Amino acid sequence: MAADLLTAEALASGYGPVPVLHGVDLQVPAGTITAVIGANGAGKTTLLRTLSGMLRPSAGRILFDGQDLRGTPVEQLVRRGVAHVPEGRGVIGELTVAENLRLGALWRRDRRDAARALDEVYQLFEPLARRRRHLGHQLSGGERQMLALGRALVARPRLLLLDEPSLGLAPRVVAQTMALLRRLRDDTGLTVLLVEQNVRSALAVADQGIVMSLGRVVLAAPAERLRDDADLRHAYLGF
Ligand code: ATP
């Protein structure tokens with residue numbers, strides 16, 4: 001197994017006085033896809049927000065490539081290669097597709113490579129190339145998803161934190177998104193932490209599954225085991 005790109009140790013976090021994560025431990029090997037699974041309110045979104053620097057942990061450590069990320073401003077996390085595609089996706093409706101994508105390149109110092117990355121995104125997502133002058137709010141759900149992912153990819157992340165990418169999308173678009181993640185992992189070594197309600201799709205593409213309950217990780221196992229072991233599935237996933 002590859003070295004871990006991301007590690008969380010005893011991570012605690014929440015909203016003001018409301019604790020949500022109560023000591024999360026996890027390990028994400030470089031170049032793999034990890035699916036984070038769990039009931040509504042288990043703390044999956046809060047975990048991604050804490051890992052991406054949107055929320056400050058109240059205790060514990062986050063190690064990225066061996067370095068402690070605690071207290072690192074979001075801008076620097078982006079520079080180091082952490083990209084977050086939040087739930088609801090954060091596409092700005094009043095900006096064009098091209099402007100939304102350029103936001104992803106805002107922190108890039110290497111302007112030439114930023115332009116190259118932008119071209120690659122247009123090749124990857126052909127509908128975005130056709131609609132580059134359309135406003136964000138004119139796009140379909142699937143196109144918004146592409147735009148949010150594209151914006152994250154323009155930053156050339158090493159770690160992609162992806163919250164509910166399949167929400168509201170047609171099954172065909174979900175399948176395309178999952179196939180794309182797999183291709184990015186295989187071709188570029190991208191590491192992905194994927195929060196999904198659609199457990200079957202997530203486990204189909206993932207290398208590792210992490211089950212959360214009540215703000216803790218209750219199981220971390222190879223995705224293959226979660227797919228194939230009926231007892232484990234019954235116990236932790238309820239199907
Ligand atoms: P879901 O699939 O419903 O998004 P989740 O596993 O992602 O579930 P979180 O969204 O992380 O769970 O929510 C965990 C807990 O934190 C819930 O009890 C929720 O009510 C609370 N919570 C989430 N966002 C906020 C917020 N902005 N302010 C206060 N509490 C919040």
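A pocket here is an open set of grid points with protein on both sides within 12 Å along at least five of seven lines, and its volume is the space filled by probe spheres set on those points. Keep that in mind for the exercises below, and remember that this is a predicted model.

**Exercise 1. Work out the strand order of the open sheet and say which strands sit at its edges.**

Step 1. Walk across the 6 strands: the order reads S6-S7-S8-S3-S9-S10, with mixed pairing.

Step 2. Look for strands that pair on one side only; those are S6 (82–85) and S10 (216–222).

Step 3. Check the twist: ignoring direction, neighbouring strands are turned by 15° against each other on average.

**Exercise 2. Take S3 and S9: how many bridges join them, and are they parallel or antiparallel?**

Step 1. Recall that strands of a sheet pair through backbone hydrogen bonds, in either of those two ways.

Step 2. Count the bridges between S3 (residues 33–37) and S9 (residues 208–213): there are 4, and the two strands run parallel.

Step 3. Pin down one of the partners: Thr34 is bridged to Gln208 in S9.

**Exercise 3. Find which strands H1 and H6 pack on or lie across.**

Step 1. Start with H1 (residues 44–51), which packs on the sheet and touches S3, S6, S7 (159–163), S8 (191–195) and S9.

Step 2. Get its orientation: the direction of H1 makes about 150° with that of S7.

Step 3. Move on to H6 (residues 141–154), which lies across S6 and S7 and runs at about 170° to S6.

**Exercise 4. Describe the largest pocket: its volume, its lining and where that lining comes from.**

Step 1. Grab the volume, which is about 470 Å³.

Step 2. Go through the lining, 19 residues, with Val78, Ala83, His84, Trp107 and Arg151 nearest the centre.

Step 3. Trace the sources: H2 (74–80), S6, H3 (97–104) and H6 each give at least two residues. S6, the edge strand from Exercise 1, supplies the largest share, 4 residues.

Step 4. Sort the lining by class: 14 nonpolar, 3 polar and 2 charged residues.

**Exercise 5. Do likewise for the second largest pocket: which elements line it, and what is its volume?**

Step 1. Note the volume, about 280 Å³.

Step 2. List some of the lining, including Ala117, Glu120, Leu153, Arg156 and Leu190.

Step 3. Assign elements: H4 (111–124) and H7 (171–188) are the ones giving two or more residues, and H4 has the largest share with 5.

Step 4. Split by class: 7 nonpolar, 2 polar and 2 charged.

Definitions and conventions
Residues numbered from 1 in each chain as written. Predicted model: local features only at pLDDT ≥ 70, side-chain atom pairs only at ≥ 80, totals over all residues. Heavy atoms only, no water. Pairing = 2+ DSSP bridges. Axes fitted to C-alpha atoms, helices over the stretch in contact; angles between N-to-C directions. Contact = heavy atoms within 4.5 Å. 1 Å grid on protein atoms, 1.4 Å probe; cavity = no way out; pocket = protein on both sides within 12 Å on 5 of 7 lines; lining within 4 Å. Nonpolar A, V, L, I, M, F, W, Y, C, P; charged D, E, K, R; others polar.
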